[in-house]
Amino acid sequence: MNTIAIGLVIVLILFTIALSIFSRRFTRTTADFYLAGRKVGSFSNASAISGDYLSAASFLGVAGAVYASGLDGVWYAAGFAGGFMVVVLFLASALRRFGEYTVADFAFGRFGSNRIRLITVLAVLLTSLFYMAPQMFGAGTTWAVLVGRGIFGMDPYTSGVVVVTAIMAFYVAVGGMKGTTLNQIFQFWWLWFAMFLVVVFAFGNGFNYPQALAEASKAPIVNTKAMTAKELTTADPKTGKTPLDSAKKIMTPEEFAAVEAKVALNDPKAKIPVALGSKNKLHELRVQLFAEPGHRYNAFDQFSMVLALVLGTAGLPHILNRYYTNPSGAAARRSTFWVLIFIGTFYIFAPIAGLAGIGFIKDYLAGGGTVAAATVHGMLVKPDQVMPTLGAILGGQWLMGVVAAGAFAAMFSTIGGLLIAAASAVGHDVYEKYINPNASEAKRVMVGKVSVLGFSLLAMVIGLAIPKFGLDQAYPALIAMMVTWAFSVGASAFVPMLLTGIWWKGTTERGATAGIFVGLFSAITIIFLNIFQQLGVVGKEGILGFFGALTFPVLFTFPLGLLTIYVVSKIDGQLPKNVDEIWMRIHGTANERHEKQHGLDKVGTMFAKAK
Amino acid sequence: MGDTTVNASTSNVSIQHGEHIDTIESVDLVFRAQRKLSFTYGAIFFAVTLAIPASSVWWQGWYSVPIWGGFTANYLFVSLLYYFFLWGMAWTYSKQADKLDDRLMDMADDIANATVKGGEGS
């Protein structure tokens with residue numbers, strides 16, 4: 001039992017709840033609940049955006065992806081960071097100048113129809129669910145590693161999902177955006193510090209970056225996998241070879257003998273960890289080395305993945321909502337610059353941790369040490385467990401506790417932002433606009449809180465369903481993969497509408513609506529085809545097989561959404577009657593000049609009591 | 001925004017915040033300047049970002065030759081140098097956008113005042 005580590009996680013949770021209760025007294029109006037009263041300064045907002053953004057995928061997934069795949073894993077870090085350039089260059093100040101609450105408000109304000117507001121709400125909810133799913137999966141798996149046992153008769157995975165859902169629903173409903181903002185600031189700095197500490201401990205224990213990279217690149221990458229006896233002995237129809245044949249070439253005679261003994265038992269449910277050879281998908285004639293591209297992505301996916309990550313950030317509703325909390329357009333740009341500094345340093349550290357994990361874990365196991373996670377051939381079977389394992393090896397239970405709390409902080413901060421985004425979509429965009437426009441402030445805030453609870457329950461159900469459908473077995477690095485799906489959906493649904501809505505006056509309501517619809521559903525369709533193909537439901541032949549093989553649909557779906565908007569807008573040609581006025585709201589500066597003249601652009605305090 | 005006035009009675013729509021007025025002419029000026037700046041930086045950003053996977057596919061010296069310990073140029077750029085590129089881009093863009101805002105603010109007031117006076121006179 002990791003008593004100290006669990007204690008540190010409990011401290012984090014209690015502090016989180018205390019912050020929410022503290023900020024409760026400052027949440028009276030809907031602007032407070034959804035936007036923290038538009039009084040969040042650049043540094044605070046940048047910390048909160050970074051906390052919002054850095055999820056389990058960044059904290060556990062990036063180091064895990066680097067540990068498993070080398071350079072192709074490093075791209076996750078670079079791509080996640082690069083996405084903010086699209087935000088700062090094309091969206092940040094325009095969104096803030098427009099001055100609404102949500103992305104759906106922007107769509108309605110820009111194009112003036114209820115239809116586009118409602119389809120945007122649908123897209124916000126679907127994108128948020130896609131992003132919520134990996135956080136829930138991360139909660140279950142981290143609980144399983146950290147605590148190792150369930151509560152109230154539930155298994156460890158289920159316990160993690162249920163506990164995290166309950167905590168999140170409570171603190172977001174109680175604290176609203178102010179409480180969530182405060183928590184995200186605190187959680188971001190905790191997880192940044194946890195990552196920094198792991199890297200410092202690695203260097204303190206003799207890690208040498210260029211030398212470790214040279215060492216890791218001496219031999220081809222080894223894949224680890226847990227497979228049943230049947231899977232291990234089933235031959236590939238093309239090559240006639242079984243995974244067991246591949247394992248024999250990689251593993252030592254002693255390791256392989258242990259595998260053969262387990263295979264001989266022929267237990268249909270038992271998963272046997274094995275080490276397998278790797279293939280270079282990019283340069284097929286080259287062996288796959290750690291420092292070279294090709295372990296995960298072929299030539300097509302190298303480009304598609306970069307676009308998915310870079311464009312996807314600009315399509316995440318919980319990140320875009322944060323830009324409305326800035327006091328001015330210039331502050332929105334400053335916030336983004338600081339975000340790039342904060343997350344950039346974090347993403348420089350994460351691949352170092354992943355690389356350090358290879359040497360330290362191998363040496364530790366070779367020296368007779370044991371770790372909680374499953375291992376084979378001196379490597380972790382599940383790469384996503386590299387951070388807590390490395391923490392335990394380098395700094396004992398204390399560092400493991402800091403890392404585990406960092407993992408939960410990453411999940412909490414992202415789930416908090418997603419819950420606020422989903423609550424604002426339902427409570428603000430639907431309830432306040434269509435169901436009860438005359439509702440009192442208290443009632444509106446109450447509906448926001450009920451939305452948080454409802455969406456939390458939905459996310460919990462999805463989190464619990466993931467292992468039931470075998471998705472965790474179908475994808476080796478599921479957390480990072482699922483987050484990339486959310487990026488793909490957001491990039492395809494929102495980014496074409498936002499870019500054309502801000503930068504092309506000729507965009508019509510029909511064009512934008514059609515673009516969102518096409519982008520949203522084409523991305524979701526291809527993602528599900530990919531899932532069905534991995535689960536063996538859809539074959540690899542024909543048109544379905546081609547689209548099902550696309551790991552990231554953005555290279556198709558983003559241009560498709562953009563093209564749809566252009567073509568439909570050109571055919572339609574019906575601009576809103578007040579298009580000049582709308583244009584002035586997006587690009588006009590009179591309000592900023594007025595605020596600057598009277599000093600109203602300065603940040604106030606988030607903690608002024610509502611009168 | 002309590003003292004915001006939208007005036008659509010003349011042929012040119014204008015929005016007034018306190019003493020400051022936006023007209024479609026002044027906003028178009030701001031928009032064109034901002035678009036030029038954003039899309040110039042955007043073109044550089046996408047050219048550099050997409051050049052990395054392109055080099056990974058077609059330039060062997062980029063992805064396979066170690067230049068510092070185990071670092072290839074590809075690994076060094078993606079894991080470290082790319083962030084300096086992003087920070088430099090974001091910093092210079094923000095500064096230029098702020099300068100542009102300041103420059104255009106005075107011009108916008110002049111254009112807006114001239115336009116509104118012209119509209120009143122016609």
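## Chain B at a glance

Helices and strands here are DSSP runs, with at least four residues for a helix and at least two for a strand, numbered from the N terminus. By that yardstick, chain B of this model has three helices and five strands. Bear in mind as you look around that the model is predicted.

Follow chain B along its sequence and you meet the pattern β-β-β-α-α-β-β-α. The chain has 122 residues, and 48% of them count as buried. What about contacts between parts that are far apart in sequence? Take the contacts in chain B with a separation of 6 or more: residues 24 or more positions apart account for 49% of them.

## A residue of chain B that meets chain A

Now pick out D98(B), which you'll find in helix α3 (residues 73-121) of chain B. Is D98(B) buried or exposed? Its relative accessibility is 19%, and buried means under 20%, so D98(B) counts as buried.

Set aside the neighbours within four places in sequence, and D98(B) is in contact with A330(A), R333(A) and R334(A).

## The largest nonpolar core

Here's a handy rule to start with: in soluble globular proteins, nonpolar side chains tend to be buried together. In this model, the largest nonpolar core has 232 residues. Those with the most contacts inside it are Y53(A), F59(A), F84(A), Y347(A) and M497(A), along with F45(B) and Y75(B).

Which helix gives the most to this core? That's α16 (residues 386-435) of chain A, with 24 residues. The core also lies between two domains of chain A, because domain 1 (3-215 + 291-597) and domain 2 (223-276) both give residues to it.

## Zooming in on M497(A) and its helix

M497(A), one of the residues with the most contacts inside the core, is worth a closer look. Leaving out its neighbours within four places in sequence, M497(A) is in contact with V103(A), F106(A), A107(A) and F111(A). A512(A), I516(A) and I565(A) are also on its contact list.

M497(A) is one of the buried residues of α20(A). How many of the nine residues of helix α20 (residues 495-503) of chain A are buried? Nine of the nine, so this helix is largely enclosed by the rest of the structure. Among them are P496(A), G501(A) and W503(A).

## The second largest pocket

Next, some open space: the second largest pocket holds about 730 Å³. Its lining is made up of 35 residues, and E215(A), A216(A), I358(A), G359(A) and K362(A) lie nearest its centre. The elements giving two or more residues to this lining are α4 (56-69), α9 (209-216) and α15 (329-366) of chain A. With seven residues, α15(A) gives the most.

What classes of residue line this pocket? There are 17 nonpolar residues, 11 polar ones and seven charged ones.

## Two loop residues with positive phi

Finally, have a look at two spots in the backbone of chain A. N266(A) isn't a glycine, yet its phi is positive, near 55 degrees. You'll find N266(A) in the loop between α12 (253-265) and β2 (272-276). Its relative accessible area is 53%, so N266(A) is exposed.

H377(A) isn't a glycine either, and it has a positive phi of about 55 degrees. H377(A) lies in the loop between β3 (375-376) and β4 (379-380) of chain A. At 21% relative accessibility, H377(A) counts as partly exposed.

Technical notes:
Residues are numbered from 1 along each chain as its sequence is written. Chains are lettered from A and ligands numbered from 1 in the order in which they are written. This is a predicted model: local features need pLDDT of at least 70, side-chain atom pairs count only at pLDDT 80 or more; totals for chains, interfaces and linings use all residues. Side-chain values use heavy atoms; hydrogens and water are left out. On a 1 Å grid over the protein atoms alone, a cavity is a set of points where a 1.4 Å probe fits but cannot get out, and a pocket is an open set with protein on both sides within 12 Å along at least five of seven lines; lining residues have an atom within 4 Å of a point. Grid points are joined across faces, edges and corners, and a volume is the space filled by probe spheres set on the points. Ala, Val, Leu, Ile, Met, Phe, Trp, Tyr, Cys and Pro count as nonpolar, Asp, Glu, Lys and Arg as charged, and the others, Gly among them, as polar. A nonpolar core is a set of buried Ala, Val, Leu, Ile, Met, Phe, Trp, Tyr and Cys residues joined through side-chain atoms within 4.5 Å. Buried means under 20% relative accessible area, exposed over 50%, partly exposed in between (1.4 Å probe, protein chains only). Domain bounds come from an automatic or database domain assignment. Contact means heavy atoms within 4.5 Å.
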